[in-house]
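Colleague: I have a model open and would like to learn how to read it. Could you walk me through the features with me?

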Amino acid sequence: MFSLTPTDEQQMLIDTVRRYATEAVRPAAHDADERGAFPGRLVQTGWELGILPGSIPESLGGFADEYSAVTGALAYEELAYGDVSLALRLMTPALVAVPLLLAGTDAQRARMMEQFLGETPPPVTAALLEPAISFDPLRPATTATRDDEGCYVLNGKKASVPLAEGAASILVYAADAETGQAQGFFVEGGTPGLTVGPREKLMGLRALPAYSLMLENVRVDPGQRLGGEAGIDFGLILAHSRVGLAALAVGVMRGALDYAVNYAKEREQFGAPIATRQAIAFMLAECAIEIDAARLMAWEAAWALDQGHDARRAAYLAKEYAAKAALMVTDAAVQTLGGHGYIREHPVERWLRDARGFAAIEGLAIV
Amino acid sequence: MAISFEIPEKLRQGLQMTEAVAKGVMRGEARRLDEHEHERPATFISLMWPVLREQQKRQLDRQAAGGPKREGLGTLNLNMVLTFEMLSWGDVGQTLCMPMALLAGAAIEAVGTPAQKERFLRRFAEGDAPVWGAMAMTEPGAGSDTSAIQTTATLDPATNEWVLNGEKIFCTNGKLALDESNGIVVVWATVDRAAGRAGMKPFVVEAGTPGVTVDKVEIKHGIRASDTASIVFRDARLPYENLLGSAEVHRTDGTTKGFKGAMATFDASRPLIAASAIGVGRAALEFVKDKLAAEGIDIPYDRPYHALSAVQRDVIEMEMQLKAAWLLTLRAASMLDHGQHNSLEASMAKTKAGKVVTAITQQAVAILGPLGYSREWLVEKWMRDAKINDIYEGTGQINTLIVARRILDYSSRELR
């Protein structure tokens with residue numbers, strides 16, 4: 001039955017996350033962007049909302065009936081309404097937990113799942129992006145070659161790895177030299193040949209500590225390959241990630257439009273609020289349409305994933321759509337504020353910088 | 001409730017039959033009807049009439065028996081948009097010729113009394129000859145500004161009849177309703193010009209009413225199979241009971257129910273027009289993909305920006321926009337089925353669909369080069385057909401205005 005009403009449980013989650021995003025995150029977002037980090041306390045409060053444990057099935061110790069991309073998308077939109085850097089910061093452990101859920105072997109789950117149910121976020125992350133203009137997530141340039149002893153040897157460079165500094169474990173995606181397919185490998189922090197580079201300086205997402213990574217002959221035990229000998233279908237993991245990013249983009253857009261609407265109704269020029277002019281009102285109306293469209297695209301792809309349908313195309317289109325719409329909407333928000341929109345005292349320019357990230361990043365969010 | 005995009009099995013089955021008509025009948029007739037404007041799609045009409053007649057009959061009989069208002073409550077509007085999308089994929093001009101009460105029926109359903117429903121809608125439920133209903137709002141001097149209509153309805157106290165005078169234009173199916181069947185047209189007229197919108201009332205005009213003339217039929221850019229009539233009223237007399245809703249002009253209980261109720265037909269019609277647009281867009285998109293595939297150009301959905309050609313990017317963009325518009329349309333229709341107020345969402349869907357399908361069909365012509373421009377193929381026709389969707393049932397701009405007022409919480413006076 002076609003319906004767009006979340007379940008009661010989902011609505012409770014939405015309300016909880018929305019409260020946190022509105023009351024705790026938003027007031028802290030400007031300073032976090034300027035300083036390059038959110039206060040640890042705020043991150044901890046966010047972790048205590050239990051979004052990730054709430055998405056892990058009961059059979060694996062979590063609180064969910066089953067894992068749901070739709071529920072994740074709902075939570076992500078609300079988090080990003082608060083701040084997208086914080087959302088990515090908070091959900092970095094999900095970059096490992098969800099691939100484990102989707103593709104891990106029983107042994108890998110048994111070994112690694114518990115850390116996601118604790119009182120503090122585990123120091124784990126994932127590395128997918130690479131510092132190349134023509135980066136293709138399904139065909140990474142980083143390689144994994146088997147040596148004589150059956151271990152995998154990783155070589156390559158990674159970019160924008162969140163929280164890599166001090167990470168106990170990094171899920172590194174590399175092309176299997178035999179098949180050319182992207183596969184995941186758990187690399188422990190401090191493994192010889194693994195170097196965490198300096199913190200990256202990005203246009204936006206500045207409150208998210210992200211690092212480059214060097215892998216030079218990093219040896220990984222075969223048991224550390226995600227999915228074991230069979231490996232993974234990375235396209236599926238990527239589809240989940242894309243839906244997550246699309247939902248985050250919707251949250252950013254919604255925040256930007258709310259702000260622009262309020263501003264346009266307050267700001268008077270030529271003797272009337274600028275919102276009473278069609279030039280402004282129409283721009284905002286188009287933003288509202290794009291936001292709803294992007295949300296529906298994300299939900300539909302998430303729903304298809306939850307149904308077990310092949311949703312790669314839906315997820316790809318949802319993410320492309322959301323990335324484009326996010327730029328359009330945040331740009332319109334800056335434009336609505338005119339000169340004031342360009343000043344960092346108003347958040348709209350930050351949202352424009354953040355929104356540009358959606359076109360550039362893949363695999364930085366997994367619902 | 002839970003979030004679900006599942007189309008019920010029953011609707012999907014029905015859609016297969018619709019697809020067979022779209023593919024087997026409409027596509028084959030599409031070019032001929034475009035080249036021979038004002039010819040009727042006889043095959044399509046004769047196929048659809050028994051089906052639509054039985055639907056209308058079941059609905060009327062159920063109402064007469066005091067049962068629930070509509071069959072299959074919960075999926076009616078969803079089914080309508082799915083059907084319209086599919087038929088319009090076949091051919092939008094023919095789709096518009098469906099023999100049914102359509103907009104007139106929606107207005108009568110919204111505000112008509114049980115007696116009015118029986119009197120005006122029974123003709124759509126019986127007989128061998130198809131019947132059409134139509135709605136007449138637009139006038140030469142009143143397009144988007146519907147409150148500017150000049151057609152008057154004056155009550156003649158001597159006979160208790162309404163006397164209509166004025167001219168309506170751009171009335172879809174007006175000729176089919178008045179000249180070619182025993183149909184009806186719901187005509188908007190003012191009973192009090194000074195009262196503005198509050199004075200506007202819908203009247204049912206039956207075929208054969210003296211003083212009502214179909215003046216001309218437009219020749220058009222596209223949807224040529226559809227008749228677009230001008231209707232002139234010269235002292236056309238209607239029984240008092242042909243007024244839908246109350247004759248009251250000034251608000252007594254804080255509402256103008258008749259006007260609002262009938263305007264609510266837009267909540268149902270706009271998603272239909274959006275769906276219709278999307279059907280045309282899908283036809284063009286599928287055609288382009290087929291032709292490109294024949295040239296060895298496939299459309300990958302897992303490649304990064306740099307690995308795609310400009311044409312591949314175009315097609316992905318077209319598909320993405322079409323899907324976005326379609327989801328907005330499904331939402332607007334489904335909200336009605338769930339008893340939710342959907343004016344905002346209906347306008348969103350209509351605006352988006354009208355805009356993107358106009359762009360998609362234009363791009364389809366461009367991608368196919370000289371062949372796209374040729375009348376040998378239907379793409380150029382789809383481009384012409386698509387454009388109407390950004391115009392009728394409220395232009396893209398009017399619907400954007402409605403969205404703007406809603407998100408800004410402004411009245412029509414605050415945001416003009």
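Modeller: Gladly! Let us begin with a term: a salt bridge is a side-chain nitrogen of Lys or Arg within 4 Å of a carboxyl oxygen of Asp or Glu. Please keep in mind that this is a predicted model.

Colleague: How many salt bridges does that rule find across the interface of domain 1 of chain B and domain 2 of chain B?

Modeller: The rule finds four there. One to look up is the salt bridge of B:Arg123 with B:Glu206, where the closest N and O atoms are 2.6 Å apart. Polar contacts are counted separately, and between these two domains there are 11 residue pairs in polar contact, both residues being at pLDDT 80 or more. On the domain 1 side of chain B, helix H1 (9-35), helix H4 (92-95) and helix H6 (114-121) each supply at least two of the residues that touch domain 2 of chain B. That side divides into eight nonpolar, four polar and six charged residues.

Colleague: Where do the domains of chain B begin and end?

Modeller: The domain assignment gives domain 1 as 9-100 + 113-125, domain 2 as 133-254 and domain 3 as 264-408. Taken over C-alpha atoms, the centres of domain 1 and domain 2 of chain B are separated by 24 Å. Their contact takes 18 residues from domain 1 of chain B and 24 residues from domain 2 of chain B.

Colleague: And how should I read the size of an interface?

Modeller: The size is often given as the accessible area lost when the parts come together. Here, domain 1 and domain 2 of chain B bury about 1800 Å² between them, with 51% of it on carbon and sulfur atoms. B:Glu37, B:Arg40 and B:Arg123 supply 31% of the area that domain 1 of chain B buries against domain 2 of chain B, more than any other three residues. You have already met B:Arg123, in the salt bridge with B:Glu206.

Colleague: Let me try the same reading on the two chains. What area is buried between chain B and chain A?

Modeller: About 4400 Å², of which carbon and sulfur atoms give 68%. In chain B, the residues that lose the most area to chain A are B:Ile3, B:Phe5 and B:Met320, together 17% of what that side buries. As for contacts, 47 residues of chain B meet 46 residues of chain A.

Colleague: How many salt bridges are there between chain B and chain A?

Modeller: The count is seven. Among them is A:Glu290 with B:Lys352, whose closest N and O atoms are 2.7 Å apart. There are also 16 residue pairs in polar contact between the chains, both residues at pLDDT 80 or more. On the chain B side, helix H10 (310-337), helix H11 (343-367) and H14 each supply at least two residues. The largest share, 12 residues, comes from H10 of chain B. By class, the side of chain B that touches chain A has 23 nonpolar, 11 polar and 13 charged residues.

Colleague: One last feature, the backbone angles. Which value does phi of A:Phe270 take?

Modeller: Phi of A:Phe270 is near 55 degrees, a positive value in a residue other than glycine. A:Phe270 sits in the loop between strand E8 (268-269) and strand E9 (272-273) of chain A. B:Asp409 also has a positive phi, near 60 degrees, and lies in the segment after helix H14 (396-408) of chain B.

Colleague: Is A:Phe270 buried or exposed?

Modeller: Exposed means over 50% relative accessible area, so at 78% A:Phe270 counts as exposed. B:Asp409, at 62%, counts as exposed too.

Methods:
Residues numbered from 1 in each chain as written. Chains lettered and ligands numbered in written order. Predicted model: local features only at pLDDT ≥ 70, side-chain atom pairs only at ≥ 80, totals over all residues. Heavy atoms only, no water. Domains from an automatic or database assignment. Contact = heavy atoms within 4.5 Å. Buried area = accessible area lost by both parts, 1.4 Å probe. Polar contact = N/O pair within 3.5 Å; in protein donor to acceptor, adjacent residues only side chain to side chain. Helix = DSSP H or I, 4+ residues; strand = E, 2+ residues; numbered from the N terminus. Nonpolar A, V, L, I, M, F, W, Y, C, P; charged D, E, K, R; others polar. Buried < 20%, exposed > 50% of the residue type's maximum accessible area, 1.4 Å probe, protein only.
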